[in-house]
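Subject: Structure handover and findings

Dear colleague,

I am handing over the structure we discussed, and I would be grateful if you could look through it alongside the notes in this message.

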Amino acid sequence: MIDRLAAALQFDQEALNLRHQRQQVLANNIANADTPNFKARDFDFASELSRAMDSGRPAEGGLSLSTTAAGHIAGGSGSAPVGDLLYRVPAQPSLDGNTVNMDVERTRFADNSVRYQAALTMLNGRIQGLKSAMQPE
């Protein structure tokens, strides 16, 4: 029974994880809007969701940091990395080599936020439906 519940909610879990990771990527772009030679990154949400549903999440690990002294804190990634981070092609490149367009980044950030909230609302409704189906009348 638990396996069926987990399978029923897997799509929602994967979608929320990817929305969260995309929010981090977009926030990183916004934070580096004034960094010379910074290249804006993003990923195709639909293809990553399809890949995650077909083959599962990539293994934890991603990039690792090496320590040079015993007192250093070992670094690790907070979440599993997305398969492909793509570079954004700028509509109008800046003189310092930065490809972040703040209007585009803000729009995509807000769109992703709204879609994240919508996914949470739908997941909540689905869980409430499952709970009411399990309770005796």
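The notes below go from the overall fold to a pocket, one of its lining residues, and the nonpolar core.

Please keep in mind throughout that this is a predicted model. The protein has three helices and two strands, and, read along the sequence, these elements follow the pattern α-β-α-β-α. Of the 137 residues in the protein, 24% are buried, while the exposed surface comes to about 9500 Å², of which carbon and sulfur atoms supply 57%. Among contacts with a sequence separation of 6 or more, 78% are between residues 24 or more positions apart.

The second largest pocket holds about 170 Å³ of space. Two or more lining residues come from each of the elements α1 (2-31), α2 (45-55) and α3 (102-134), and α1 gives the most, with five residues. The lining consists of Phe11, Asp12, Ala15, Leu16, Arg19, Phe45, Leu49, Arg115, Ala119 and Met122; sorted by class, it has seven nonpolar and three charged residues, and no polar ones.

Phe11, one of the residues that line this pocket, lies in helix α1. Is Phe11 buried, exposed or partly exposed? Its relative accessibility is 41%, and because that value falls between the 20% under which a residue is buried and the 50% over which a residue is exposed, Phe11 counts as partly exposed. Once its neighbours within four places in sequence are left aside, Phe11 is in contact with Leu49 and Met53; Leu49, like Phe11, belongs to the pocket lining. As for Ala52, which is 41 residues from Phe11 along the chain, the C-alpha atoms of the two residues are separated by 9.0 Å.

The largest nonpolar core has seven residues, namely Ala15, Leu18, Val25, Phe43, Phe45, Leu49 and Val82. The elements that give two or more residues to this core are α1 and α2, and α1 gives the most, with three. Ala15, Phe45 and Leu49 are members of this core and also appear in the lining of the second largest pocket.

Within the core, Phe43 may be worth a look in your viewer: not counting residues up to four places away in sequence, Phe43 touches Leu18, Gln21, Arg22, Val25, Glu48, Val82, Asp84 and Leu85. Among these partners, Leu18, Val25 and Val82 are themselves residues of the core.

With best regards

Definitions and conventions: Residues numbered from 1 in each chain as written. Predicted model: local features only at pLDDT ≥ 70, side-chain atom pairs only at ≥ 80, totals over all residues. Heavy atoms only, no water. 1 Å grid on protein atoms, 1.4 Å probe; cavity = no way out; pocket = protein on both sides within 12 Å on 5 of 7 lines; lining within 4 Å. Points joined across faces, edges and corners; volume = space filled by probe spheres on them. Helix = DSSP H or I, 4+ residues; strand = E, 2+ residues; numbered from the N terminus. Nonpolar A, V, L, I, M, F, W, Y, C, P; charged D, E, K, R; others polar. Buried < 20%, exposed > 50% of the residue type's maximum accessible area, 1.4 Å probe, protein only. Contact = heavy atoms within 4.5 Å. Core = buried A, V, L, I, M, F, W, Y, C linked by side-chain atoms within 4.5 Å. Areas by Shrake-Rupley, 256 points an atom, 1.4 Å probe, with all protein chains shown as cover.
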